[in-house]
Each structure stands twice: as structure tokens, then as C-alpha cells.
Amino acid sequence: AAELLGQFLDAFAEETHPVQLQLLTSTVKLFLKRPTTAQDMVKRVLALATQSTDHPDLRDRGYIYWRLLSTDPEGAKSVVLADKPTIEDDTNQTEPALLNDLIAQLSNLASVYH
């Protein structure tokens, strides 16, 4: 995994911003799971994300990861590697009468305040 990720990091600057964000996250996750393998790689990607980009989302996420890793590695592990909640369909949980009323008033602020 580290070798493959390293190949993608070689072209980090040429990638689109969503790919750069994903490479940053993937590298940090790899570092948290295998610190000795990815130590140099995470330093490199954090430097690229914080110093060599003008994209605010990438730079901010890089700084957040850098701060988390430098101050509390266990806390970073609990945040970055946390289980994702299951997405549930809650379409049928709203009462049909209320749903019809909200849909009828969709263009009004009443549907927002309800």
C-alpha cells in the first residue's frame, strides 16, 4: 500500500483537488495504522498540502492533520480512523399529513421554521 500511495504522491501537484484531499487522508490513515512505514510519506504530504497549495480546503485539512498528529496521536487515531455511522433511510418517519403540509409550503419560510 505504501509503495502504491508513494507513486501517487509523486504526481500530487498535478492531481485535482479532490484527489489531493483523498491522498492526504489516505496517507494520514496509513501513517496511523503503520507509523514506521509511512513516517516520511506523511511528512512529505503534509508539507505539500500546507506549503505548496493555494486551495484552502486542502491547506486547512493539512494543518488540522498536522496539529492532531503533533499534539495527540491517539486522539488523531480516534478521529481519523473512527467508524462511520450507518446511513439510514428516514423517508417514511415523517407523518404523511405533516409531510404533505410541508411540501405544500415549500416555497415559504413556514417549512423551514416547522
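Is Thr 25 buried or exposed? Let us begin there and work outwards through this predicted model. Thr 25 has a relative accessibility of 10%, so this residue counts as buried, the cut-off being under 20%. Its place is in helix α2. Leaving aside residues up to four places away in sequence, Thr 25 touches Arg 61 and Tyr 65. Leu 4 stands 21 residues from Thr 25 along the chain, and the C-alpha atoms of these two residues are separated by 15 Å.

Now take a look at the helix that holds Thr 25. Helix α2 covers residues 17-33, which makes 17 residues. From its first C-alpha to its last, α2 reaches 24 Å, close to the 24 Å expected at 1.5 Å a residue. Thr 25 has buried company in this helix: Gln 20, Leu 21, Leu 23, Leu 24, Thr 27, Val 28, Leu 30, Phe 31 and Leu 32 are buried as well. What lies over these buried residues? The cover includes α1 (2-10), α3 (35-51), α4 (56-71) and α5 (73-80).

Two leucines of α2 help to fill in this picture. Leu 23 lies in helix α2, and this residue is buried because its relative accessible area is 7%, under the 20% cut-off. With residues up to four places away in sequence not counted, Leu 23 touches Leu 5, Phe 8, Leu 9, Phe 12 and Glu 15. Ala 1 is 22 residues from Leu 23 along the chain, with 12 Å between their C-alpha atoms. Leu 24, by the same way of counting, touches Val 45, Leu 46, Ala 49, Leu 58, Arg 61, Gly 62 and Tyr 65. Arg 61 and Tyr 65 are also the residues that Thr 25 touches.

From here we can step into the core. In soluble globular proteins, nonpolar side chains tend to be buried together. In this model, the largest nonpolar core has 22 residues, and those with the most contacts inside it are Leu 24, Val 28, Leu 32 and Leu 69. The elements α1, α2, α3, α4 and α5 give two or more residues to this core. Which of them gives the largest share? That is α2, with 7 residues.

Next comes a place where there is some open space. The largest pocket holds about 150 Å³. Phe 31, Gln 39, Val 42, Lys 43, Leu 46, Trp 66, Leu 69 and Ser 70 line this pocket. Some of these names are familiar by now: Phe 31 is one of the buried residues of α2, Leu 46 is touched by Leu 24, and Leu 69 is among the residues with the most contacts inside the core. Both α3 and α4 supply at least two residues of the lining, and the largest share, 4 residues, comes from α3. Sorted by class, the lining has 5 nonpolar, 2 polar and 1 charged residues.

To finish, let us visit two residues that are not buried. Tyr 63 has its place in helix α4. With a relative accessible area of 43%, Tyr 63 is partly exposed, because this value falls between the 20% and 50% cut-offs. Gln 93 is 30 residues from Tyr 63 in sequence and 40 Å from it in space, C-alpha to C-alpha. Glu 88 is found in the loop between α5 and α6 (96-104). Why does Glu 88 count as exposed? The reason is its relative accessibility of 62%, which is over the 50% cut-off. Lys 77 is 11 residues from Glu 88 along the chain, and 26 Å separates their C-alpha atoms.

Terms used: Residues are numbered from 1 along each chain as its sequence is written. This is a predicted model: local features need pLDDT of at least 70, side-chain atom pairs count only at pLDDT 80 or more; totals for chains, interfaces and linings use all residues. Side-chain values use heavy atoms; hydrogens and water are left out. The expected span of a helix is 1.5 Å times one less than its number of residues. Buried means under 20% relative accessible area, exposed over 50%, partly exposed in between (1.4 Å probe, protein chains only). Contact means heavy atoms within 4.5 Å. A nonpolar core is a set of buried Ala, Val, Leu, Ile, Met, Phe, Trp, Tyr and Cys residues joined through side-chain atoms within 4.5 Å. On a 1 Å grid over the protein atoms alone, a cavity is a set of points where a 1.4 Å probe fits but cannot get out, and a pocket is an open set with protein on both sides within 12 Å along at least five of seven lines; lining residues have an atom within 4 Å of a point. Grid points are joined across faces, edges and corners, and a volume is the space filled by probe spheres set on the points. Ala, Val, Leu, Ile, Met, Phe, Trp, Tyr, Cys and Pro count as nonpolar, Asp, Glu, Lys and Arg as charged, and the others, Gly among them, as polar.
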